[in-house]
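User: I am new to this structure and would like a close look at one buried spot in it. Please start from a single residue and its contacts, then walk me outward through the rest.

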Amino acid sequence: MNRALNPLPAEAPLAMPIQDLDGIAPGTIAVATSPHGMLVKRLLLIALTAMIGLAASSEVRFALSRDGLGVIDVILLLFFVPLFCWISFGFVTSMIGFLQLISGKHPGFTAIPSPASSLRHRTAVLMPVYNESVEATFGRVRAMTNSIAAAGAAEWIDFFVLSDSNAFHGKREEAAWREIAAEAPINVYYRRREKNIARKPGNIAEWVQRFGGAYENMLILDADSLMSGDAIVGMAAIMEERPSIGLLQTVPMIINAHTVFQRWMRFASDAYGPIASAGLLWWSGAESNFWGHNAIVRTRAFAEACGLPELPGKPPFGGHILSHDMLESALLRRRGWAVHMVMIDGSYEEFPPTIVDHAIRDRRWMQGNLQHLRLLDASGLHWASRLHLLIGASAYLTSSGWLLLLLTSIAQAAASKGGQLLGVVTPPSVLWLTVLLLFGPKAMGTIWVLADGKRRRSFGGFGGVLRSVALEVPLAILLAPVTMVMQVKALVGLALGIPVHWNTQDRDARRISVREVLPDLKEHIALGLLFAATVLIDPITALWLSPLTLGLLASPWLISLTSSQQIGDRAERLGYFRVPAPTIDDPVEHANDDAEEDGTPPLVIG
């Protein structure tokens with residue numbers, strides 16, 4: 001029980017200067033933090049990616065040059081080379097992660113040692129909120145505070161709800177806080193800003209400048225985050241043991257999934273995600289990334305390194321930096337602090353309930369990540385940090401690249417009456433290699449799930465896993481062109497100077513009707529009809545394009561059906577998309593997990 005019901009503790013100011021990204025880089029802490037062999041690992045990753053990409057590109061170039069390379073042929077190659085290298089990079093990362101997991105060199109997601117007795121410094125858990133569901137948000141606050149106390153860290157960890165909500169939400173939040181704070185086993189505080197300045201980065205910065213001096217660490221959440229007390233205490237214990245670490249990022253798993261889309265994404269994340277995460281951890285080392293939540297940060301390191309400037313110019317590419325987290329990890333590393341990633345149990349987040357809600361969030365991320373192109377030349381950044389920024393930005397340029405590649409190919413085919421379309425001149429070996437690169441990570445993830453009996457049973461058994469994969473793969477094929485067009489539309493909007501608006505994210509499941517979504521899919525339908533019309537030019541090419549054609553023409557029904565909670569519940573009963581239960585009860589989902597680990601594998605820090 002709290003001894004006093006105070007909204008906020010005594011202030012402990014901590015300076016957080018704005019960083020100069022163009023001048024002389026600041027000095028770094030004189031501590032060696034990078035694991036051994038990272039340069040060799042990264043060179044191997046780049047070499048394998050380049051080898052696959054250049055081999056395929058050479059085959060395509062030979063095929064195109066049989067009758068001489070024309071201007072359109074060169075344009076096709078300019079698109080093909082970086083795009084193929086992009087999917088090669090993802091495949092190689094997943095392959096390395098698969099080898100790490102299947103060989104036992106990395107234990108995968110595992111319990112984290114959580115010795116509360118080793119804590120010597122205070123940690124603040126920060127949950128920024130912005131007009132969120134009060135019941136869901138404070139239900140998670142109650143669950144986490146109880147779990148922290150059960151882990152034995154009540155005297156070392158305080159919980160802050162940092163609100164940027166409007167006055168109406170604020171009154172409801174304060175009432176919910178009073179109820180929880182009166183009975184919570186740890187200190188729970190509440191603060192609402194009158195003005196939402198600089199969004200979440202401004203919210204966190206304001207807390208650092210007012211209260212950061214009293215806390216060695218701050219564990220940052222999102223409103224939909226859920227973490228177990230053992231995970232929180234264990235991360236704080238690592239920060240005590242490793243004083244050179246400035247940030248420790250977890251890999252959150254998805255909870256509270258109800259619609260078909262959420263269950264589908266949760267299965268894909270749980271089944272295929274670990275190999276990608278293990279591969280990313282393998283080559284990131286002390287230059288890992290920050291995803292803005294479910295991570296613990298050394299407060300003074302953050303204060304001295306991460307005061308964000310505004311970018312020159314107007315939004316969407318100027319003004320406040322939206323994807324602040326990736327830059328903050330780069331700035332921490334610039335100062336010499338290690339930024340690591342861990343794969344641990346007990347770290348969770350929600351996922352948007354529908355394809356439409358995901359696209360809305362994706363557009364906001366696109367604007368923030370494309371701003372990073374202006375930061376690649378910031379002074380003093382580690383080259384691996386620049387690589388992270390480039391990868392994050394280029395992820396939103398590949399959709400436009402693929403579309404331009406396809407349209408250029410179709411235009412060339414129309415001009416030559418069917419003789420030169422990429423699907424025809426590309427050697428079969430390259431086409432099959434493309435299939436391998438795209439679907440190989442799914443196959444490796446499936447093998448990893450099936451390789452262990454306990455893990456296999458947690459996914460519904462051998463039959464359940466195969467049924468789920470058999471449904472997930474065609475759904476992913478149908479979704480790919482839909483996402484491509486959505487991202488291209490968003491990119492065009494940003495290019496025209498239309499910034500995103502920071503609205504409250506819709507986290508509640510609701511069925512979207514075909515009639516409701518159809519007006520927003522005119523471009524999808526038109527492009528699908530264009531792809532279908534290629535049958536008049538070349539039937540073989542039309543066959544290769546048929547998955548894209550089907551996905552685009554079926555997009556209204558795909559969005560509608562996957563937004564259904566009723567169908568999602570039915571799929572669960574039939575054994576589709578089952579995943580391991582979380583290790584902490586989610587008060588929103590009412591999920592329970594009474595299973596205990598027989599042993600604790602060694603924790604791997606990137």
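**A histidine and its surroundings**

Analyst: Let's start with His-324: setting aside residues up to four places away in sequence, His-324 touches Lys-200, Pro-201 and Leu-308. Please keep in mind that this is a predicted model. His-324 belongs to helix H9, which covers residues 324-334. Is His-324 buried or exposed? Its relative accessible area is 9%, and the cut-off for buried is under 20%, so His-324 counts as buried.

Two backbone details can be visited from here. Pro-316 is in the loop between helix H8 (299-305) and H9, and the peptide bond that runs from Pro-315 to Pro-316 is cis, with omega near 15 degrees. The other detail is Ala-198, in the loop between S3 and helix H5 (199-211). The phi of Ala-198 is near 60 degrees, a positive value in a residue other than glycine. Phe-577 also has a phi near 60 degrees, again positive and again in a residue other than glycine. You will find Phe-577 in the segment after helix H21 (565-573), where it is buried, with a relative accessible area of 2%.

Strand S3 leads us to the aromatic rings, which form 13 pairs in the structure. One of them joins Phe-160 and Tyr-189: the ring centres are 5.0 Å apart and the planes make an angle of 40 degrees, so this pair is tilted. It bridges distant parts of the chain, since Phe-160 sits in strand S2 (residues 157-163) and Tyr-189 in strand S3 (residues 188-192), 29 residues apart. Phe-160 and Tyr-189 are both buried. They also have aromatic company: together with Trp-207, Phe-211 and Tyr-215 they form one cluster.

A second pair takes us to another part of the chain. Phe-267 and Phe-459 have ring centres 6.1 Å apart, with planes at 85 degrees; edge-to-face pairs are those over 60 degrees, so this pair is edge-to-face. Phe-267 is in helix H7 (residues 260-284), while Phe-459 is in the loop between helix H15 (453-458) and helix H16 (461-495), and 192 residues separate the two. Like the pair before, both of these rings are buried.

Phe-267 is also our way into the largest nonpolar core. This core has 55 residues, and Phe-84, Phe-267 and Leu-479 touch the most other members. Which elements give two or more residues to it? They are helix H1 (38-64), helix H2 (71-102), H7, helix H14 (428-450), H16 and H20. H7 supplies the largest share, 13 residues. For a closer view, try Phe-84: beyond its neighbours within four places in sequence, Phe-84 is in contact with Ile-52, Gly-53, Ala-56, Val-430, Leu-433, Thr-434 and Leu-437. Apart from this core there is another one, of 49 residues, including Ala-116, Ala-176, Trp-177 and Val-188.

H20 was among the elements of the largest core, and its contact with a neighbouring helix deserves a look too. Two packed helices are described by the angle between their axes and the distance between the axes. The axes of helix H19 (residues 539-553) and helix H20 (residues 555-562) come within 4 Å and cross at roughly 65 degrees. On the H19 side the contact is made by Gly-551, Leu-552 and Leu-553, and on the H20 side by Ser-555, Pro-556 and Trp-557. Sorted by class, this contact has 4 nonpolar, 2 polar and no charged residues.

Charged side chains do meet rings elsewhere. Arg-455 has its charged end over the ring of Trp-448, 3.9 Å from the ring centre. Arg-361 lies over the face of Phe-351, at 5.2 Å from the centre of that ring.

One last stop is Ala-384, in helix H11 (residues 383-394). With a relative accessibility of 1%, Ala-384 counts as buried. Outside its neighbours within four places in sequence, Ala-384 is in contact with Arg-42 and Glu-287. Its C-alpha atom is separated by 8.4 Å from that of Ser-288, a residue 96 positions away along the chain.

Terms used. Residues numbered from 1 in each chain as written. Predicted model: local features only at pLDDT ≥ 70, side-chain atom pairs only at ≥ 80, totals over all residues. Heavy atoms only, no water. Phe/Tyr/Trp six-rings, centres within 6.5 Å; stacked < 30°, edge-to-face > 60°. Buried < 20%, exposed > 50% of the residue type's maximum accessible area, 1.4 Å probe, protein only. Lys NZ or Arg CZ within 6 Å of the ring centre and 35° of its normal. Axes fitted to C-alpha atoms, helices over the stretch in contact; angles between N-to-C directions. Contact = heavy atoms within 4.5 Å. Nonpolar A, V, L, I, M, F, W, Y, C, P; charged D, E, K, R; others polar. Core = buried A, V, L, I, M, F, W, Y, C linked by side-chain atoms within 4.5 Å.
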